[in-house]
Amino acid sequence: AIRGELCGPSIQGNIYKLKAPRIFVFDIYNGDAGRYMTYNERQHALQLLREVGADVDVVPLIDEMQLPSTVREVILMADGASHLRPEQLREGLSWKTRDVQYSRFGNPMIFSFKSVSREYLAREK
């Protein structure tokens, strides 16, 4: 199952000024493995889709970093310019582990969440 965000004309104000609808993939669930794909697995799957003619975009990878130690730092980092259109405020940042992590019950998982930009929310009101 592929998870993504549809962007383009007539969709939430088309903040990225796209000429046609585009889907930006941010996750792929592997039902056989019972978990979301790792970063490398996801890149491989998207490449295979492109090889058979699929026109797929991916949510841009901004940086690889350690998760900040406080919620306040995560919130502050969400503010800033969009990677897709630098003159536009970004909606926020999505955080995701690069590799499989294991829950305290031993279940394989990819940990992820989104921190929403306060600047973006204030402008949208």
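1. Met-109 is partly exposed in this predicted model. Its relative accessible area is 32%, a value that falls in the interval between the 20% limit for buried residues and the 50% limit for exposed ones. Met-109 belongs to strand β7, which covers residues 108-109.

2. Met-109 also takes part in a nonpolar patch on the surface. Its partners in that patch are Leu-67 and Phe-111, and the three residues together make an area of about 250 Å². Because residues enter a patch with over 30% relative accessible area, the 32% computed for Met-109 satisfies that condition.

3. Ser-117 presents the buried case: its relative accessible area is 0%. Ser-117 sits in the loop that connects β8 with α3, the latter being residues 118-124. Ser-117 and Met-77 are separated by 40 residues in sequence, yet their C-alpha atoms are 8.1 Å apart in space.

4. As to the overall architecture, the protein chain contains three helices and eight strands. Read from the N terminus, the order of these elements is β-β-β-α-β-α-β-β-β-β-α. The C-alpha trace spans about 40 × 40 × 20 Å along its principal axes. The chain has 125 residues, of which 30% count as buried.

5. The loop between β1 and β2 merits inspection of its backbone angles. Asn-14 lies in this loop and has a phi near 45°, a positive value in a residue other than glycine. Lys-17, which is found in the loop between β1 and β2 as well, has a positive phi near 55° and is likewise a residue other than glycine. Asn-14 counts as buried, because its relative accessibility is 14% and the limit for that class is under 20%.

6. Asn-14 is also one of the residues that line the largest cavity. How many cavities of 30 Å³ or more does a search of the whole structure find? The search returns one. The space in the largest cavity amounts to about 80 Å³.

7. The lining of the largest cavity consists of Glu-5, Leu-6, Cys-7, Gly-8, Ile-11, Gln-12, Asn-14, Ile-15, Tyr-16, Glu-91 and Tyr-120. By class, six of these residues are nonpolar, three are polar and two are charged. Strand β1 makes the greatest contribution to this lining, with three residues.

8. The largest pocket is a separate item for the reader to examine. Its volume is about 1300 Å³, and 38 residues line it. Nearest the centre of this pocket lie Pro-60, Leu-93, Ser-94, Trp-95 and Lys-96.

9. Which elements give two or more residues to the lining of the largest pocket? They are strands β1 (2-7), β2 (22-30), β5 (92-96) and β8 (112-116), together with helix α1 (39-51). Of the elements, β5 gives the most, namely five residues. The lining of the largest pocket comprises 19 nonpolar, eight polar and eleven charged residues.

10. Strand β1 recurs in two of these descriptions. It gives the most to the lining of the largest cavity, and it is also among the elements that give two or more residues to the lining of the largest pocket.

Key: Residues numbered from 1 in each chain as written. Predicted model: local features only at pLDDT ≥ 70, side-chain atom pairs only at ≥ 80, totals over all residues. Heavy atoms only, no water. 1 Å grid on protein atoms, 1.4 Å probe; cavity = no way out; pocket = protein on both sides within 12 Å on 5 of 7 lines; lining within 4 Å. Points joined across faces, edges and corners; volume = space filled by probe spheres on them. Helix = DSSP H or I, 4+ residues; strand = E, 2+ residues; numbered from the N terminus. Nonpolar A, V, L, I, M, F, W, Y, C, P; charged D, E, K, R; others polar. Patch = residues over 30% accessible without salt bridge, like charges linked within 9 Å, V, L, I, M, F, W, Y side chains within 5 Å. Areas by Shrake-Rupley, 256 points an atom, 1.4 Å probe, with all protein chains shown as cover. Salt bridge = Lys/Arg side-chain N within 4 Å of Asp/Glu carboxyl O. Buried < 20%, exposed > 50% of the residue type's maximum accessible area, 1.4 Å probe, protein only.
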